[in-house]
Amino acid sequence: MISRFARIFIVVTAILLLLSIAAFIHPPSLSYVDPWTGQMFGDGGVEKSLPRPQTVPSTPPSEVVHGTVIMPKLGNATAKAALGRATWKLMHTMTLRFPENPTPDERSALTSYFHLTSRLYPCGECAAEFQELLKKYPPQTASRRSASLWLCFVHNEVNKRLGKPNFDCAHLDAEYDCGCGDDPISKSSPPSSDAGPMDLEDDPSKDDITGASMIKGGR
Ligand SMILES: Cc1cc2nc3c(=O)[nH]c(=O)nc-3n(C[C@H](O)[C@H](O)[C@H](O)COP(=O)(O)OP(=O)(O)OC[C@H]3O[C@@H](n4cnc5c(N)ncnc54)[C@H](O)[C@@H]3O)c2cc1C
């Protein structure tokens, strides 16, 4: 004779066993219904089903170089020199016409330009060197002045490696007449006293001693 307690125990155990088997055969669905809209969402939840907002990064990417050089070695020295002269001309003129007060999007565009140049520059071995320079000295894009002086510095680093004379970056304006007219960049706050040689982001637009505009240009 089975006691009442034993009967209840057997019934409860059987129910639990049946529930376990049912759960095993039909695992709980990962879909769910949004209680507000009644919309059914699948495995990824709401985020996966909604379009991602198009946000403009507030600051340029900190990691400039991500991706290896694409182009092969350029053996021809004459072609290499001609390509170099043309590219420097393009890039210096670009930074000298860069906005005085660039937006985050404009800064990001210039940073991306240098990054892509370091991958796609048609002289592969030059591109590899340029990548190393970008890692060491990430592009400075806070203003026209910082961008143009940064590029002048980087060009001088290449000059040094190739045994070429150093270029005086105070003469950028005279060397690259972009045909923009006399449109000096606006004054900005003086650099902090503990600024390093490449801390160009907050440099003023005028020479400390002479007061002369070092860079002109405009849109
Ligand atoms: C990103 C990059 C990487 C390169 N890497 C290599 C490399 O690894 N090996 C190689 O053999 N060649 C390299 N080159 C080419 C090399 O830098 C020269 O362009 C080439 O040797 C021709 O030199 P150049 O004497 O005519 O003057 P360039 O260096 O081409 O300069 C052209 C003119 O720009 C002016 N200038 C010089 N220095 C500066 C400066 N700091 N700022 C502003 N203006 C300046 C001068 O008026 C000069 O005549 C590279 C070029 C580029 C753009």
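The questions and answers below concern a predicted model of a protein chain with a ligand.

Reader: In what order do the helices and strands run from the N terminus?
Author: This predicted model has seven helices and two strands in its protein chain. Read from the N terminus, the order of elements is α-β-β-α-α-α-α-α-α.

Reader: What share of the contacts with a separation of 6 or more comes from residues 24 or more positions apart?
Author: The protein chain has 219 residues, of which 18% are buried. Among its contacts with a separation of 6 or more, the part due to residues 24 or more positions apart is 65%.

Reader: Which helix gives the largest share of the largest nonpolar core?
Author: The largest nonpolar core has 12 residues, including Leu96, Phe98, Leu110, Phe114, Trp150 and Tyr176. Two or more of its residues come from each of helix H4 (104-120) and helix H6 (144-162). With six residues, the largest share belongs to H6.

Reader: How many residues make up the other core?
Author: Another core lies apart from the largest one. Val69, Tyr121, Cys123 and Phe130 are among its members, and the number of residues is six.

Reader: Which helix gives the most residues to the shell around the ligand?
Author: There are 22 residues around the ligand, and those that come nearest are Gly84, Cys126, Cys152, His155 and Phe167. At least two shell residues come from each of helix H3 (77-96), helix H5 (124-136), H6 and helix H7 (172-175). The most, seven residues, come from H3.

Reader: How many residues of the shell around the ligand are nonpolar?
Author: By class, six residues of the shell are polar and six are charged. The nonpolar residues in the shell number 10.

Reader: What arc do the buried residues of H4 cover around the axis?
Author: H4 has 17 residues, and its first and last C-alpha atoms are 24 Å apart, close to the 24 Å expected at 1.5 Å a residue. Its buried residues are Arg107, Leu110, Thr111, Phe114, His115 and Ser118. They lie on the same side of H4 because the arc they cover around the axis is only 135°.

Reader: Which exposed residues are on the face of H4 turned away from its buried side?
Author: The buried residues of H4 pack against H5 and H6. The face turned away from that buried side carries the exposed residues Asp105 and Leu116.

Reader: Why do the buried residues of H5 line one face of the helix?
Author: The 13 residues of H5 should span 18 Å at 1.5 Å a residue, and the 19 Å between its end C-alpha atoms agrees with this. Cys126, Ala127, Phe130 and Gln131 are buried in H5. Seen down the axis, these buried residues line one face because they fall within an arc of 145°.

Reader: Which residues are exposed on the other side of H5?
Author: The buried residues of H5 pack against H4. On the other side of H5, the exposed residues are Glu132, Lys135 and Lys136.

Reader: Is Pro139 buried or exposed?
Author: Pro139 is in the loop between H5 and H6. Its C-alpha atom is 9.5 Å from that of Ser112, although 27 residues separate the two in sequence. A residue counts as buried if 20 or more other C-beta atoms lie within 10 Å of its own. Pro139 has 22 such atoms within 10 Å, so Pro139 is buried.

Conventions
Residues are numbered from 1 along each chain as its sequence is written. This is a predicted model: local features need pLDDT of at least 70, side-chain atom pairs count only at pLDDT 80 or more; totals for chains, interfaces and linings use all residues. Helices (H or I, at least four residues) and strands (E, at least two) are DSSP runs, numbered from the N terminus. Two residues are in contact if their C-beta atoms, placed from the backbone, lie within 7 Å. A nonpolar core is a set of buried Ala, Val, Leu, Ile, Met, Phe, Trp, Tyr and Cys residues joined through C-beta atoms within 7 Å. A residue is near a molecule or strand if its C-beta atom, placed from the backbone, lies within 6 Å of it. Ala, Val, Leu, Ile, Met, Phe, Trp, Tyr, Cys and Pro count as nonpolar, Asp, Glu, Lys and Arg as charged, and the others, Gly among them, as polar. The expected span of a helix is 1.5 Å times one less than its number of residues. The arc is that of the directions from the helix axis to the C-beta atoms.
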